[in-house]
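Dear colleague,

Please find below the structure that I am handing over to you, together with its sequence. My notes on what was found in it follow directly after.

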Amino acid sequence: VETFLALRATELTPVAAIADAQLQLNNNLEAIVDNAVNSGGDLTGFTQTKKQARAALEDSIYVIAGAGTIYFTKVSPNLGNKQLLTFSRSDLERQRDTDIYVIGVRVQELTTGISNLLVPYGITATDYTTFETRLAAYYDSLQLPRSKQGQSSAALKQIERLVAETDALLN
């Protein structure tokens, strides 16, 4: 139909209804193709991104929490904070994805005010900034698959509507 209308464009131009229908048909076909691309998203890449972000965050959590544990043991004894910051790598590895984020936020809350006092324990300002950047990046990676699934679902609904509209136009 599109080819027919394109070949007969000069003959059909005076007929306003046909010109409008052709424009609408072209727009609908273009929108269907665009939405088809958006609806077929592969979430595998997001899973890999999340895995990498998690590994990087676990490394930062472990290092920052270790320095915080030493600080709350030697410099400013606080048994509660020390216990909240004491865990092993295997403790982190066993956690669910969302729990890793919660642990990261807890470590951030307990060490933000003392980050400059962790220098004697091997934590520089750059290390702490890297930890905060990794925490934010991990949070974003947790949200990606969910938002992509929402976009895919919305695109599929658009396709259904556009196909019905195009079908009505052709009939």
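I begin with a pair of charged residues: R54 and E58 are both buried. Please bear in mind throughout that this is a predicted model.

The side chains of R54 and E58 form a salt bridge, with a nitrogen-to-oxygen distance of 2.6 Å. Both residues belong to helix α4, and because they are four residues apart there, about one helical turn separates them. Helix α4 itself covers residues 44-74.

A further salt bridge involves D59, whose partner is R89; the closest N and O atoms of this pair are 3.0 Å apart. Since D59 lies in helix α4 and R89 in helix α6 (residues 89-93), the pair ties together parts that are 30 residues apart in sequence. D59 has a relative accessibility of 37% and therefore counts as partly exposed. R89 is likewise partly exposed, its relative accessible area being 34%. Salt bridges with shared partners also join K50, R54, E58 and D97 into one network.

Within that network, the side chains of D97 and K50 meet in a salt bridge of 2.9 Å, taken from N to O. This pair links distant parts of the chain, as D97 is in helix α7 (residues 97-111) and K50 is in helix α4, 47 residues apart. With a relative accessibility of 25%, D97 counts as partly exposed. In total, the structure holds six salt bridges, among them the pairs R54 and E58, D59 and R89, and D97 and K50.

I would also draw your attention to A53, which is found in helix α4. Is A53 buried or exposed? Its relative accessibility is 14%, and buried means under 20%, so A53 counts as buried. Which residues does A53 touch, when those up to four places away in sequence are not counted? The contacts of A53 are with Y138 and S141. The C-alpha atom of A53 is also separated by 6.7 Å from that of A137, a residue 84 positions away along the chain.

In reviewing the model, you may wish to start from helix α4, where A53 as well as the pair R54 and E58 can be found. From there, the salt bridge of D59 leads to R89 in helix α6, and that of K50 leads to D97 in helix α7.

With kind regards

Notes:
Residues are numbered from 1 along each chain as its sequence is written. This is a predicted model: local features need pLDDT of at least 70, side-chain atom pairs count only at pLDDT 80 or more; totals for chains, interfaces and linings use all residues. Side-chain values use heavy atoms; hydrogens and water are left out. Helices (H or I, at least four residues) and strands (E, at least two) are DSSP runs, numbered from the N terminus. Buried means under 20% relative accessible area, exposed over 50%, partly exposed in between (1.4 Å probe, protein chains only). Contact means heavy atoms within 4.5 Å. A salt bridge is a side-chain nitrogen of Lys or Arg within 4 Å of a carboxyl oxygen of Asp or Glu.
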